[in-house]
Amino acid sequence: MRLTIFWERMEDHFGAGYADSFAHDHVMAELGGRTVHQALAAGWEAKDVWRGVCTAVGIPADKR
């Protein structure tokens, strides 16, 4: 998954104004105790980060 697609999905789910804030502030066990930004900076693939976000916040399978 390209980062542009990842951020589009984040904005679609959280809204353009909140997606980056969520990605910066929300620490998730699914990302190894990291935020989205930290996971991406640590070299995680965008698709794996997206899966972690989906699991953490309960995004339905049809929106993944």
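Glu11 counts as partly exposed, because its relative accessibility is 40%. I should state at once that we are looking at a predicted model. Glu11 is found in helix α1, and that helix is where I shall begin.

Glu11 belongs to a negative surface patch, whose other members are Glu8, Asp12, Asp20 and Asp25. Two elements, α1 (3-14) and α2, each give two or more residues to this patch. Which of them gives the most? The answer is α1, with three residues.

Let me turn from the surface to a buried position in helix α2, namely Ala23. Ala23 has a relative accessible area of 0%, and it is therefore buried, the cut-off being under 20%. What does Ala23 touch, once residues up to four places away in sequence are set aside? Its partners are Trp7, Met10, Thr35, Val36 and His37. Trp7 and Met10 fall within the range of α1 (3-14). For a sense of distance, consider Ala23 and Leu3, which are 20 residues apart along the chain: their C-alpha atoms are separated by 13 Å.

One of the partners of Ala23 deserves its own comment, and that is Thr35. Thr35 lies in a loop, the one that runs between α2 (19-25) and α3 (36-41). Is this loop residue buried or exposed? Thr35 counts as buried, because its relative accessibility is 5%. Leaving aside neighbours within four places in sequence, the contacts of Thr35 are with Ala23, His24, Asp25, His26 and Val27. Asp25 thus appears twice in this account: Asp25 is in contact with Thr35, and Asp25 is also a member of the negative patch.

I come last to charge pairing. Side chains of opposite charge can pair when their charged atoms come close. How many salt bridges does the count come to? The count comes to one. The salt bridge is formed by Arg51 with Asp48, and the closest N and O atoms are 3.2 Å apart. Both residues sit in helix α4 (residues 46-57); because they are three residues apart there, about one helical turn separates them. As for its surroundings, Asp48 has a relative accessible area of 31%, so Asp48 is partly exposed.

To recapitulate, I have described a negative patch to which α1 gives the most residues, a buried Ala23 in contact with a buried Thr35, and a salt bridge between Arg51 and Asp48. Thank you for your attention.

Terms used
Residues numbered from 1 in each chain as written. Predicted model: local features only at pLDDT ≥ 70, side-chain atom pairs only at ≥ 80, totals over all residues. Heavy atoms only, no water. Helix = DSSP H or I, 4+ residues; strand = E, 2+ residues; numbered from the N terminus. Buried < 20%, exposed > 50% of the residue type's maximum accessible area, 1.4 Å probe, protein only. Contact = heavy atoms within 4.5 Å. Patch = residues over 30% accessible without salt bridge, like charges linked within 9 Å, V, L, I, M, F, W, Y side chains within 5 Å. Areas by Shrake-Rupley, 256 points an atom, 1.4 Å probe, with all protein chains shown as cover. Salt bridge = Lys/Arg side-chain N within 4 Å of Asp/Glu carboxyl O. Lys, Arg positive; Asp, Glu negative; His and termini not counted. Charge placed at Lys NZ, Arg CZ, Asp CG, Glu CD.
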